[in-house]
Amino acid sequence: MATGSYSISMDPKGRMAIPARIRDSLLSTGAGSLWVTAHMYERCLLVYSESEWEPVLAKIQALPSGNEQVRKIQRRFMGQAVNLEMDANGRILVPPTLRDFAHLDKKLMLVCLGNKFELWNEDSWNALMDQSIDGEMPAELQNLSF
């Protein structure tokens, strides 16, 4: 289970190096292949290892496509998904359409969320972190203590 966040760079061709600690962890589980797709609610990308991607994809595919909201989610999540292989230097090439969606440029943040990662434009990530957590807490969070 990965946690933490890493400031990383993307070169002009759209290549970014997966941090060694994360890369080693992924490779030890046989996951040199990653799935990258658009986030459903945020302007960032979601990154999954192959083993984490399959169950999530199955859940999204199983949703009733007669519902307009479901179709929107399926189009964004599945329609934007690409399978990427790490090269010998542990880099992946992020396609231009996904870079444009998430407004990715040279400075990025790779955020580890246990079974998946989020890839953010560093300025967008910092702006998000500067926001306070307002609003009503979901019931699932009300009994948690940190």
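**Sheet, helix and surface patch**

Q: At what angle to S8 does helix H5 run as it lies across strands of the sheet?
A: In this predicted model, helix H5 takes up residues 122–130 and lies across S1, strand S7 (107–114) and S8. Relative to S8, the helix runs at about 105 degrees.

Q: In which order do the strands of the open sheet of 6 strands follow one another?
A: The sheet is open and its pairing is antiparallel, and the twist from one strand to the next averages 25 degrees. Read across the sheet, the order of the strands is S1-S7-S8-S4-S3-S5.

Q: Which strands stand at the edges of the sheet?
A: An edge strand here has a single partner strand, so one side of it is left without a neighbour in the sheet. The strands in that position are S1 (2–9) and S5 (82–85).

Q: Which residue of S8 stands opposite Val47?
A: Strand S4, residues 45–49, pairs with strand S8, residues 117–121, in the antiparallel sense over 3 bridges. Within this pairing, Leu45 has Leu119 of S8 as its bridge partner. Opposite Val47, in turn, stands Phe117.

Q: Which residue in S4 is the bridge partner of Val36?
A: Strand S3, residues 33–38, is joined to S4 by 5 bridges, the two strands running antiparallel, and a hairpin of 6 residues connects them. The bridge partner of Val36 in S4 is Val47.

Q: Are the residues on both faces of S4 buried or exposed?
A: In a regular strand the side chains alternate between the two faces of the sheet. On one side of S4 are Leu45, Val47 and Ser49, while Leu46 and Tyr48 are on the other, and both faces are covered. S4 as a strand is mostly covered, with 5 of its 5 residues buried, and the state of the residues named on both faces is likewise buried.

Q: Which residues form the nonpolar patch on the surface?
A: Together the residues of this patch have about 400 Å² of accessible area. One of them, Met137, is found in the loop between H5 and helix H6 (139–142). The patch is formed by Ile133, Met137, Leu141 and Leu144.

Q: How does Met137 count at its relative accessibility?
A: A residue is buried under 20% relative accessible area and exposed over 50%, with a class in between. Because the relative accessibility of Met137 is 39%, this residue counts as partly exposed.

Technical notes:
Residues numbered from 1 in each chain as written. Predicted model: local features only at pLDDT ≥ 70, side-chain atom pairs only at ≥ 80, totals over all residues. Heavy atoms only, no water. Pairing = 2+ DSSP bridges. Helix = DSSP H or I, 4+ residues; strand = E, 2+ residues; numbered from the N terminus. Axes fitted to C-alpha atoms, helices over the stretch in contact; angles between N-to-C directions. Contact = heavy atoms within 4.5 Å. Patch = residues over 30% accessible without salt bridge, like charges linked within 9 Å, V, L, I, M, F, W, Y side chains within 5 Å. Areas by Shrake-Rupley, 256 points an atom, 1.4 Å probe, with all protein chains shown as cover. Salt bridge = Lys/Arg side-chain N within 4 Å of Asp/Glu carboxyl O. Buried < 20%, exposed > 50% of the residue type's maximum accessible area, 1.4 Å probe, protein only.
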